[in-house]
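This report describes selected features of one protein structure for a reader who is new to the subject. Please keep the sequence and the model in view while reading.

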Amino acid sequence: MPQALYESSLTSLPLLGRGKVRENYAVGDDRILMIASDRLSAFDVIMGEPIPGKGALLTKMALFWFDKLDGIVPNHLTGEDPLSVVTDAERAQIRDRAMLVKRLKPLPIEAVVRGYLAGSGWAEYQKTQSVCGVALPAGLRNADKLPAPIFTPATKAEMGDHDENISFEQAAAIIGTELAARVRDISIQLYQRAADFALTKGIIIADTKFEFGLDADGTLTLMDEVLTPDSSRYWPVESYAPGSNPPSYDKQFVRDWLEQATVDGQPWGKVAPAPALPASVIAKTVEKYEEALQRLTA
């Protein structure tokens, strides 16, 4: 198993911030060194144990998808080598797990696209027969394919808080109707291209989350990670069956374990600190991420 990186510690660049998984360092005024650590968050809580090699796998997968989605919308990649902006001594920390990207003004919403009913979408549908204000047909089951992909935006929560599903109208009130419509249409186009490709590799992408920013000229730009198992639900075609949570290549494996985990004899309340992940869960999670990447890129 590769050496795990729970947290980077670069001194040659100013730290802009640490997210649940990524750390951003300023490179001049116009670029950011984005590092994918081996941290894992579930239910918006960061686990105490790293998943060795996860950051490198996520980075490889994100770069793969940026290439596949080329031509739909500009992305934040500069094409420059991340190793060129750190000291020789710091290279080992970031090798294979960093992207050197354009500095953008991030949009304050998350662009979620769902092709299947799962997770918070399934929970909401059971109560309202809709997701984020999008009415859906009656009688759908957990994990059912939707008639067409739907755009279900969310607010970006502060670390430790939960992202909140919102309607298109609420998203439009935050970023403007015209921009919200562009984000919606582009997100669905990105999802459709990715989902169609993944199916040829035996993978269903049930849903995913995109992030966008604006550059200095106001150009809408795809940023952050794309279509990784951290931001998407990946289901193997051969074990997909609607009616329950299908086996998956993503964080669902950890989520399912956490759902039955106890702290001091009580079910875990989905607040920090998280229960310690057993070595078997960590190993299985690494295996899932590796298998997803292998299948996609084979």
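## Asp-230 and its surroundings

Asp-230 has a relative accessible area of 10%, so it counts as buried. The model in which this residue is seen is a predicted one. Asp-230 is placed in the loop that runs between β14 (220-223) and β15 (232-236).

Which side chains make polar contacts with Asp-230? One is that of Lys-54, with a polar contact of 2.9 Å. Another is that of Tyr-289, where the polar contact to Asp-230 is 2.5 Å. When residues up to four places away in sequence are not counted, Asp-230 touches Val-21, Lys-54, Leu-58, Glu-225, Lys-251 and Tyr-289.

## Aromatic pairs

How many aromatic pairs does the structure hold? There are 9 aromatic pairs. In the pair of Phe-64 and Phe-197, the ring centres are 5.8 Å apart and the planes meet at 50 degrees; the pair is therefore tilted. Phe-64 belongs to helix α1 (residues 54-68) and Phe-197 to helix α5 (residues 177-200), so this pair ties together parts that are 133 residues apart in sequence. Phe-64 and Phe-197 are both buried. Together with Trp-65, Phe-64 and Phe-197 form one aromatic cluster.

A stacked aromatic pair is formed by Trp-235 and Tyr-240, with 5.6 Å from centre to centre and 15 degrees between the planes. Is each of these two residues buried or partly exposed? Trp-235 is buried, because its relative accessible area is 2%, a value under the 20% cut-off. Tyr-240 has a relative accessibility of 23% and therefore counts as partly exposed.

## Charges over rings

Two further rings are accompanied by a charged side chain. The charged end of Arg-184 sits over the ring of Phe-168, at 4.6 Å from the centre of that ring. Lys-270 lies over the face of Phe-43, and the distance to the ring centre is 4.3 Å.

## Nonpolar cores

The largest nonpolar core has 70 residues. Which of its residues touch the most other members? They are Trp-65, Phe-210 and Phe-212. Helix α5 gives the most to this core, contributing 11 residues.

Trp-65 thus appears both in the aromatic cluster and in the largest nonpolar core. Leaving aside neighbours within four places in sequence, Trp-65 is in contact with Ala-194, Phe-197, Ala-198, Ile-205, Val-226, Leu-227, Tyr-234 and Leu-296. Apart from the largest core lies another one, of 13 residues. Among the residues of this other core are Leu-5, Ile-35, Ile-94 and Leu-100.

## Strands β1, β2 and β3

Strand β2 (residues 22-27) is largely enclosed by the rest of the structure, because 5 of its 6 residues are buried. Strand β1 (residues 15-18) pairs with β2 in the antiparallel sense over 3 bridges. The bridge partner of Leu-15 in β2 is Tyr-25. β1 and β2 form a hairpin, with 3 residues between them.

How many bridges join β2 to strand β3 (residues 31-36)? There are 6 bridges, and these two strands run antiparallel. Val-27 has Arg-31 as its bridge partner in β3. The hairpin of β2 and β3 has 3 residues between the strands, and in this hairpin Gly-28 takes a positive phi near 65 degrees.

Conventions. Residues are numbered from 1 along each chain as its sequence is written. This is a predicted model: local features need pLDDT of at least 70, side-chain atom pairs count only at pLDDT 80 or more; totals for chains, interfaces and linings use all residues. Side-chain values use heavy atoms; hydrogens and water are left out. Rings of Phe, Tyr and Trp (its six-membered ring) pair if their centres lie within 6.5 Å; planes under 30 degrees apart count as stacked, over 60 as edge-to-face and the rest as tilted. Helices (H or I, at least four residues) and strands (E, at least two) are DSSP runs, numbered from the N terminus. Buried means under 20% relative accessible area, exposed over 50%, partly exposed in between (1.4 Å probe, protein chains only). A charge sits over a ring if NZ of Lys or CZ of Arg is within 6 Å of the ring centre and within 35 degrees of the ring normal. A polar contact is a pair of N or O atoms within 3.5 Å; within protein, one must be able to donate a hydrogen and the other to accept it, and residues adjacent in sequence count only if both atoms are side-chain atoms. Contact means heavy atoms within 4.5 Å. A nonpolar core is a set of buried Ala, Val, Leu, Ile, Met, Phe, Trp, Tyr and Cys residues joined through side-chain atoms within 4.5 Å. Two strands pair if DSSP finds at least two bridges between them.
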